[in-house]
Amino acid sequence: MSALFNFHSFLTVVLLVICTCTYLKMHFPAILEQKTGFRGFFWKAARIGERLSPWVSVGCFMMGVSIIFF
């Protein structure tokens, strides 16, 4: 089943994109300088990860627990 049709998989993909973009922006800021176009989507995901980092980390923890036990 595709990640777009399974809500649990969709949330997993969204959290992983947010975490990956935030990591890349912290280590390689030149990659995500553009705020428009295709790379603008990843810039926005990195911004969400920066500003909501406690909530994103709780979401990643809950995702990990749900993947392990369910």
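In the predicted model, residues 24 or more positions apart account for 54% of the contacts with a separation of 6 or more. The protein contains three helices and zero strands, and its elements follow the order α-α-α from the N terminus. Along the principal axes, the C-alpha atoms fill a box of roughly 40 × 25 × 15 Å. Of the 70 residues in the protein, 21% are buried.

Two spans, residues 6-24 and 52-69, carry the feature "transmembrane region" in the UniProt record, which is an unreviewed entry. In the model, residues 6-24 are 95% helix and 0% strand, and the C-alpha atoms at the ends of this span lie 27 Å apart. For residues 52-69 the corresponding values are 94% helix and 0% strand, with 26 Å between the end C-alpha atoms.

Helix α3 comprises 17 residues, from 53 to 69. From its first C-alpha to its last, α3 reaches 24 Å, close to the 24 Å expected at 1.5 Å a residue. Three residues of this helix, Val56, Met63 and Ser66, are buried. These residues cover an arc of only 90 degrees around the axis, and they therefore lie on the same side of α3. On the other side of the helix, Pro54, Phe61, Ile68 and Phe69 are exposed. The packing partners of the buried residues of α3 are α1 (7-27) and α2 (38-51).

Ser66, located in helix α3, has a relative accessible area of 17%. This value is under the 20% cut-off, so Ser66 is classed as buried. A polar atom of the Ser66 side chain lies 2.9 Å from the backbone oxygen of Met63. Met63 is itself among the buried residues of α3.

Helix α2 has 14 residues, which should span 20 Å at 1.5 Å a residue. The end C-alpha atoms of α2 are 21 Å apart, in agreement with that expectation. Gly40, Trp43, Ala45, Ala46 and Gly49 are buried in this helix. The elements that cover the buried residues of α2 include α1 and α3. Contacts of buried residues thus link α2 and α3 from both sides of the description: α2 is among the helices against which the buried residues of α3 pack, and α3 is among the elements covering those of α2.

Aromatic side chains were also examined. The structure holds two aromatic pairs. In one of them, the ring centres of Phe38 and Phe42 are 5.2 Å apart and the ring planes meet at 85 degrees. Because an angle over 60 degrees counts as edge-to-face, the pair of Phe38 and Phe42 is assigned to that class. Both residues belong to helix α2, where they are four residues apart, about one turn of the helix. Phe41 and Phe42 form an aromatic pair that is likewise edge-to-face, with 5.3 Å from centre to centre and 75 degrees between the planes. Together, Phe38, Phe41 and Phe42 make up one aromatic cluster.

The members of this cluster were compared with the accessibility cut-offs. Phe38 has a relative accessibility of 67% and Phe41 one of 52%. Exposed residues are those over 50%, so Phe38 and Phe41 both count as exposed. Phe42, at 24% relative accessibility, counts as partly exposed.

Methods: Residues are numbered from 1 along each chain as its sequence is written. This is a predicted model: local features need pLDDT of at least 70, side-chain atom pairs count only at pLDDT 80 or more; totals for chains, interfaces and linings use all residues. Side-chain values use heavy atoms; hydrogens and water are left out. Helices (H or I, at least four residues) and strands (E, at least two) are DSSP runs, numbered from the N terminus. The expected span of a helix is 1.5 Å times one less than its number of residues. Buried means under 20% relative accessible area, exposed over 50%, partly exposed in between (1.4 Å probe, protein chains only). The arc is that of the directions from the helix axis to the C-beta atoms. Contact means heavy atoms within 4.5 Å. UniProt positions are given in the numbering used here, feature names are shortened, and annotations may be inferred rather than shown by experiment. A polar contact is a pair of N or O atoms within 3.5 Å; within protein, one must be able to donate a hydrogen and the other to accept it, and residues adjacent in sequence count only if both atoms are side-chain atoms. Rings of Phe, Tyr and Trp (its six-membered ring) pair if their centres lie within 6.5 Å; planes under 30 degrees apart count as stacked, over 60 as edge-to-face and the rest as tilted.
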